[in-house]
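Please look through the sequence and the coordinates together before reading on. The paragraphs below are meant to be followed with both in view.

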Amino acid sequence: MHLHLKLNDDTLTILVEDDGPGVASHQLADLTRRQKRLDETTPGYGLGLSIVQEIINDYGGAMHFSTSPKGGLRVLIELPRSI
């Protein structure tokens, strides 16, 4: 896993990348849907990323998913520095 934080004048950027199995591009939008779990082999309720998305939205930020150059999932979070 790779974690990179960058603080600009007005934005905090958090980049997380891993080299796991990744997520198919047509499923990326489902990652923040409540009670939608893409990996049914592990326990959980499918709430985690939807809660994270709500918190980020409440602070005026954005979260984007894509495929990492490492092969796994890439998550980019941008938050306004004024929070």
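What follows is a walk through this predicted model, beginning with its strands and passing on to a helix and the loop after it.

A convenient place to begin is strand β2, which covers residues 11–17. Five of its seven residues are buried, so strand β2 is largely enclosed by the rest of the structure. Part of its surroundings can be traced through strand pairing. Strand β1, made up of residues 2–7, pairs with β2 in the antiparallel sense over six bridges, and the two strands form a hairpin in which three residues lie between them. Within this pairing, Leu5 has Ile14 of β2 as its bridge partner.

Strand β2 also pairs with strand β4, residues 73–80, again in the antiparallel sense and over seven bridges. Here Leu12 stands opposite Leu79 of β4, and Leu79 will return below in connection with a glycine.

Turning to helix α1, which spans residues 48–58, one may ask whether Gln53, a residue of this helix, is buried or exposed. With a relative accessible area of 16%, Gln53 falls under the 20% cut-off and therefore counts as buried. When residues up to four places away in sequence are not counted, Gln53 touches Thr32 and Met63.

The loop between α1 and β3, the latter being residues 62–67, holds Tyr59. At 47% relative accessibility, Tyr59 is classed as partly exposed, because that class lies between the limits of 20% and 50%. Together with Ile51 and Ile55, Tyr59 forms a nonpolar patch on the surface, and the accessible area of these three residues together is about 290 Å².

Gly61 is placed in the loop between α1 and β3 as well, yet its relative accessible area is 16%, so Gly61 is buried. Which residues does Gly61 contact, once its neighbours within four places in sequence are left aside? The contacts are Ile56, Glu78, Leu79 and Pro80, and among them is Leu79, the residue of β4 that stands opposite Leu12. A further spatial relation concerns Thr11: Gly61 and Thr11 are 50 residues apart in sequence, while their C-alpha atoms are 9.1 Å apart in space.

Taken together, the loop between α1 and β3 thus offers a contrast that can be checked in the coordinates, with Tyr59 partly exposed at 47% relative accessibility and Gly61 buried at 16%.

Key. Residues are numbered from 1 along each chain as its sequence is written. This is a predicted model: local features need pLDDT of at least 70, side-chain atom pairs count only at pLDDT 80 or more; totals for chains, interfaces and linings use all residues. Side-chain values use heavy atoms; hydrogens and water are left out. Buried means under 20% relative accessible area, exposed over 50%, partly exposed in between (1.4 Å probe, protein chains only). Helices (H or I, at least four residues) and strands (E, at least two) are DSSP runs, numbered from the N terminus. Two strands pair if DSSP finds at least two bridges between them. Patches are made of residues with over 30% relative accessible area and no salt bridge: like charges are joined within 9 Å, nonpolar side chains (Val, Leu, Ile, Met, Phe, Trp, Tyr) within 5 Å. Accessible areas come from the Shrake-Rupley method with a 1.4 Å probe; for residues, only the protein chains shown count as cover. A salt bridge is a side-chain nitrogen of Lys or Arg within 4 Å of a carboxyl oxygen of Asp or Glu. Contact means heavy atoms within 4.5 Å.
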